Amino acid sequence: MITTIFNLVLIMILGIVYIFSYANVISNYLEKTIANTKNPAMLILYFSAVLSAGVNLFHVSETASNAFVFFMEKSDYMKATLYSFGFVAGMWVFSFLFFLVSFFLVGVMTPKDEKYELGRGSYEMAGLHSVILIVLSFVIAPALISLASQFIPYPELPF
């Protein structure tokens, strides 16, 4: 029971830090690279980026919890904490890179200057980015989690 409570507290703290820090980084990125003003299109993009990162956090939290419990059962407190932190931090980095790559790919595929369009408040461009970020987070995160869970050194089963 104590392990479960520690796991809950750790995941809650990591989740709050993850979302808060990601929201700040995205806000700064959007202000510095696209527009200094927060028009409604920019707010749509901002909130969809944070929601996309939240979807990714949702998916990685189970793997981080499983790693925590696995290592706590072996009384390896350091690995329990480091694996949980590592999975969450890795997903944070992935979420940010995914955000940047989506901008690059949409910029390549659309004839419009997306930064200019977003800066002037284009709902169409903000909506397109939002759908890409959120839908692809639901699609890509499970595959990424499958890969990440292979790093937990579970014992081999005899069958």
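1. Start with burial: of the 159 residues in this protein, 42% are buried. Keep in mind as you look around that this is a predicted model. The secondary structure is simple to describe, with 5 helices and 0 strands, so to speak an α-α-α-α-α pattern when read along the sequence. Along the principal axes, the C-alpha atoms fill a box of roughly 55 × 35 × 20 Å. Take the contacts between residues at least 6 apart in sequence: 77% of them join residues at least 24 apart.

2. Helix 2 is a good one to trace by eye. With 34 residues at 1.5 Å a residue, helix 2 should span 50 Å, and its end C-alpha atoms sit 49 Å apart, which agrees. There is still a kink in helix 2, about 30° and centred on Val-60. Have a look at both ends too. At the start of helix 2, Asn-39 brings a side-chain oxygen to within 3.1 Å of the backbone nitrogen of Ala-41. Just after helix 2, Ser-75 has a positive phi of about 60°.

3. Now for the nonpolar core. General background first: in soluble globular proteins, nonpolar side chains tend to be buried together. Here, the largest nonpolar core has 42 residues, and the members touching the most others are Ile-26, Leu-30, Leu-45, Phe-99 and Leu-118. Helix 1, helix 2, helix 3 and helix 5 each put in at least two residues of this core. Which helix gives the most to this core? That is helix 2, with 15 residues.

4. Ile-26 is worth clicking on. Setting aside neighbours within four places in sequence, Ile-26 is in contact with Tyr-46, Ala-49, Phe-96 and Phe-99. Phe-99 will come up again in the next point.

5. On to the aromatic rings. A search of the whole structure turns up 12 aromatic pairs. One of them is Tyr-29 with Phe-99, an edge-to-face pair with 5.7 Å from centre to centre and 80° between the planes. This pair links distant parts of the chain, since Tyr-29 is in helix 1 (residues 2–33) and Phe-99 is in helix 3, 70 residues apart. Is Phe-99 buried or exposed? Phe-99 is buried, because its relative accessible area is 0%, and buried means under 20%.

6. A second pair makes a nice contrast in sequence separation: Tyr-83 and Phe-87 both lie in helix 3, 4 residues apart, or about one turn of the helix. Their ring centres are 6.0 Å apart and the planes meet at 70°, so this pair is edge-to-face. As for exposure, Tyr-83 has 23% relative accessibility and therefore counts as partly exposed, while Phe-87, at 10%, counts as buried.

7. Some rings are linked beyond single pairs. Tyr-18, Tyr-22, Tyr-29, Trp-92, Phe-96, Phe-99 and Phe-103 are joined into a cluster by ring pairs. Try colouring these seven residues to follow the cluster through the model.

8. Helix 5 runs over residues 123–149, which is 27 residues. From its first C-alpha to its last, helix 5 reaches 38 Å, close to the 39 Å expected at 1.5 Å a residue. Where does helix 5 bend? The bend is at Ser-137, by about 35°. The buried residues of helix 5 are Met-125, Ala-126, His-129, Ser-130, Leu-133, Ser-137, Ala-141, Ile-145 and Ala-148. The cover over these buried residues includes helix 2 (40–73), helix 3 (77–109) and helix 4 (114–119).

9. Stay with Ser-137 for a moment. Ser-137 counts as buried because its relative accessibility is 1%. Which residues does Ser-137 touch, not counting those up to four places away in sequence? They are Ser-52, Val-55, Asn-56, Phe-98, Ile-132 and Pro-142.

10. For a contrast within helix 5, pick Glu-124, which is placed in that helix. At 58% relative accessibility, Glu-124 counts as exposed. Glu-124 and Ile-2 are 122 residues apart in sequence, and their C-alpha atoms are 49 Å apart in space.

How values were computed
Residues are numbered from 1 along each chain as its sequence is written. Side-chain values use heavy atoms; hydrogens and water are left out. The expected span of a helix is 1.5 Å times one less than its number of residues. The bend at a residue is the angle between axes fitted to the seven residues ending there and the seven starting there. Buried means under 20% relative accessible area, exposed over 50%, partly exposed in between (1.4 Å probe, protein chains only). Contact means heavy atoms within 4.5 Å. Rings of Phe, Tyr and Trp (its six-membered ring) pair if their centres lie within 6.5 Å; planes under 30 degrees apart count as stacked, over 60 as edge-to-face and the rest as tilted. A nonpolar core is a set of buried Ala, Val, Leu, Ile, Met, Phe, Trp, Tyr and Cys residues joined through side-chain atoms within 4.5 Å. A polar contact is a pair of N or O atoms within 3.5 Å; within protein, one must be able to donate a hydrogen and the other to accept it, and residues adjacent in sequence count only if both atoms are side-chain atoms.
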